[in-house]
Amino acid sequence: MHELSLSSAIINTAVRHADGRRVSVVSLRVGRLRQVVPETLDFYFEFVARGTLCEGARLEQEVVDARLRCQPCAREWGIDVPAFRCPTCGSGDVVVATGNEFLVESIEVEEAACIAPG
Amino acid sequence: MHRTRVKVVEEALDANNTIAAANRADFDRADVTVVNLMSAPGAGKTTLLERVVGELAGVRVAVLEGDVQGSLDADRLASLHVPVTQINTDPCFGGECHLDANMVRSALPELALDEVDLLIVENVGNLVCPAEFAIGEDARVMVCSVTEGEDKPLKYPLMFRTCELVLINKIDLLPHLDFDLERLLYNIDQVHPDVARITLSARTGEGVDAWRDWLAAITVRQEAMA
């Protein structure tokens, strides 16, 4: 259900950078740890975009796998279940290397051609 | 008509985080410690507050109460003679399921921050969205009650990872439940290794002293740092 709130955040970010132009594509990087369901985000995005510069825009989602790094033993590993202790040394002093992203990477905007060619 | 790609590279929640930072600056200026209290609906947030807000000697407490609708929780707390400010989220978008930094900001003028040491923000009952939205808090606390099942940390890791303290509530019900407390503690540890935990019962009062002491300690700690 948080996909609804996240859709508004994505659209507000995109509109701020669109500078009044219509947006046709929004490219997003989403880490797996954000617990976003891509289909649900698509659904809400389309809905929330209505009446904004993002109306009808396509949402491109690049999913980023979760990778952790153990501070004491420097092991780096990927997870697909939420288990954050280091499998080598058992430490809980672990940082998320990737997987927390929720980033609007770029947008594609429509520009009217300035001068009609001859 | 042609299309141009515009590079953005911005956290989609940056706008919220910026407002949260402004809230935080206001709280710091007034020496107010802010705790964001979160849980699923019915886990016992309000009852846990009722148990402690009047018992924090020397700490001036205020509560910011977030609900989709109504002021039932605020009324309960106000009867304890604690200043309570209500935020209803329903005018925003058919009832937001969480508080965001801007909603908290809009309530600031109603809060007499100079007369408060500890502001507890009771978020909307929800284990998902509140974890995404910083409001300018010093610490996040979540309540997980034993009637919710041992698997909740694995289902809502974002919430369990984002908080500094997990309150495990309703332990007076354990004799009546097929609930494995050790399993819950193990799952919490998997998702958020070494996070502080207090097992308690708002109903019987067991463990509530530790919750009250934790609040008193964080208030002192933040003031010492200010």
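Two strands are taken to pair if DSSP finds at least two bridges between them. In the predicted model described here, β3(A) and β4(A) meet this criterion, pairing in the antiparallel sense over four bridges. Within this pairing, Arg69(A) has Glu76(A) of β4(A) as its bridge partner. The hairpin that β3(A) and β4(A) form has five residues between the strands, and in it Ala74(A) adopts a positive phi near 65 degrees.

Strand β3 of chain A, which spans residues 66–70, is also joined to β5(A), again by four bridges and with the strands running antiparallel. Here Arg69(A) stands opposite Val95(A) of β5(A), so that this arginine is matched with Glu76(A) in β4(A) as well as with Val95(A) in β5(A). The resulting sheet is open, comprises three strands in the order β4-β3-β5 of chain A, and is antiparallel in its pairing. Because β4 (76–79) and β5 (94–98) of chain A each have a single partner strand, both stand at the edges, and one side of each is left without a neighbour in the sheet. Neighbouring strands of this sheet are turned against each other by 35 degrees on average, direction ignored.

In a regular strand the side chains alternate between the two faces of the sheet. The residues of β3(A) divide into a covered face, made up of Ala66(A), Leu68(A) and Cys70(A), and an uncovered face that carries Arg67(A) and Arg69(A). Arg69(A), the bridge partner of Glu76(A), thus belongs to the uncovered face of β3(A).

Considered as a whole, chain A contains two helices and six strands, which follow one another from the N terminus in the order α-β-α-β-β-β-β-β. The radius of gyration of chain A is 19 Å, well over the 13 Å that the globule rule gives for 118 residues, so the chain is more spread out than a compact globule. Taken along the principal axes, the box filled by the C-alpha atoms of chain A is roughly 70 × 35 × 20 Å. Of the 118 residues of chain A, 33% count as buried. Among contacts in this chain between residues at least 6 apart in sequence, 72% join residues that are at least 24 apart.

Between the chains, 29 residues of chain A are in contact with 29 residues of chain B. On the side of chain A that touches chain B, α1 (2–18) and β6 (102–111) each supply at least two residues, and the largest share, 10 residues, comes from β6(A). By class, this side of chain A has 15 nonpolar, nine polar and five charged residues. The strand β6(A) also pairs across the chains with β1 of chain B (residues 2–11), in the antiparallel sense and over eight bridges. One of the residue pairs in this arrangement is formed by Ser106(A) and its bridge partner in β1(B), Lys7(B).

In chain B, helix α2 (residues 45–52) has six of its eight residues buried, so the helix is largely enclosed by the rest of the structure. The buried residues of α2(B) are Lys45(B), Thr46(B), Leu48(B), Leu49(B), Arg51(B) and Val52(B).

Key. Residues numbered from 1 in each chain as written. Chains lettered and ligands numbered in written order. Predicted model: local features only at pLDDT ≥ 70, side-chain atom pairs only at ≥ 80, totals over all residues. Contact = placed C-beta atoms within 7 Å. Nonpolar A, V, L, I, M, F, W, Y, C, P; charged D, E, K, R; others polar. Axes fitted to C-alpha atoms, helices over the stretch in contact; angles between N-to-C directions. Rg over C-alpha atoms; globule rule 2.2 N^0.38 Å. Buried ≥ 20, exposed ≤ 12 C-beta atoms within 10 Å, placed from the backbone.
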